[in-house]
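Good morning, and thank you for joining. I should like to introduce a structure that may be new to you. Please take a moment to look at it first.

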Amino acid sequence: HGSTFGGNPLAMAAGIATLQALRQPGVYTGLESLAASLEEGLKRAAQKRGVPVQVNRAGSMLTLFFTSSRVMDYDSARAADTRRFAGYFHAMLEAGIYLPCSQFEALFLSLAHTDEEVATTVRASEQALARLP
């Protein structure tokens with residue numbers, strides 16, 4: 001088996017540490033709760049600002065689409081407003097929130113994220129949404 005980091009001791013140690021952290025009780029429940037909180041917060045912020053969005057989430061991965069239609073495949077994702085997403089991305093970046101630069105990529109929460117960071121992200125999202133045309 002060949003890979004870039006397959007035999008790298010640092011990559012192997014990081015992988016083992018990650019697996020050990022994921023074995024701890026409540027980890028997945030906590031991560032699910034945090035991701036659900038972010039999803040709901042983003043939806044509330046958009047609703048408050050009157051911006052139609054869809055938030056697709058699977059576990060701790062999510063993506064915000066600027067559309068009022070359900071996004072369930074590539075065609076429906078392509079129909080979303082990518083220019084609006086670009087404006088949102090840059091406004092979030094200015095607020096110190098680093099999102100994936102494409103609406104076709106997922107945002108990932110990790111065990112390092114906290115409730116406070118989710119709350120900060122939701123507040124920044126509401127402000128970013130207010131700046132959109």
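I shall speak about a strand pair, then a cavity, then the aromatic rings.

Please note that this is a predicted model, in which local features need pLDDT of at least 70 and side-chain atom pairs count only at pLDDT 80 or more, while totals for chains, interfaces and linings use all residues. Residues are numbered from 1 along each chain as its sequence is written, and side-chain values use heavy atoms, with hydrogens and water left out.

Let us begin with the strands. Helices (H or I, at least four residues) and strands (E, at least two) are DSSP runs, numbered from the N terminus. Strand E1, residues 54–58, pairs with E2 in the antiparallel sense over 5 bridges; two strands pair if DSSP finds at least two bridges between them. Ala58 stands opposite Met61 in E2. The hairpin of E1 and E2 has 2 residues between the strands, and Gly59 there takes a positive phi near 60°.

I turn to the interior. On a 1 Å grid over the protein atoms alone, a cavity is a set of points where a 1.4 Å probe fits but cannot get out, and lining residues have an atom within 4 Å of a point. Counting those of 30 Å³ or more gives 1 cavity, with a volume of about 110 Å³. Its lining has 13 residues, and the closest to the centre are Leu64, Phe85, Leu99, Pro100 and Leu107. Helix H2 (27–49), strand E2 (61–65) and helix H4 (82–94) each give two or more residues to this lining. E2 gives the most, with 3 residues.

Phe85 leads us to the aromatic rings. Rings of Phe, Tyr and Trp (its six-membered ring) pair if their centres lie within 6.5 Å; planes under 30 degrees apart count as stacked, over 60 as edge-to-face and the rest as tilted. There are 4 such aromatic pairs. In one of them, Phe66 and Phe85 meet edge-to-face, at 6.3 Å centre to centre and 65° between the planes. Phe66 lies in the loop between E2 and helix H3 (74–78), and Phe85 in helix H4, 19 residues apart. Are these residues buried or exposed? Phe66 is buried, with a relative accessible area of 4%, and Phe85 is buried at 6%; buried means under 20%, exposed over 50%, and partly exposed in between, with a 1.4 Å probe and protein chains only. Phe66, Phe85 and Tyr88 form one aromatic cluster.

Definitions and conventions:
1 Å grid on protein atoms, 1.4 Å probe; cavity = no way out; pocket = protein on both sides within 12 Å on 5 of 7 lines; lining within 4 Å. Points joined across faces, edges and corners; volume = space filled by probe spheres on them.
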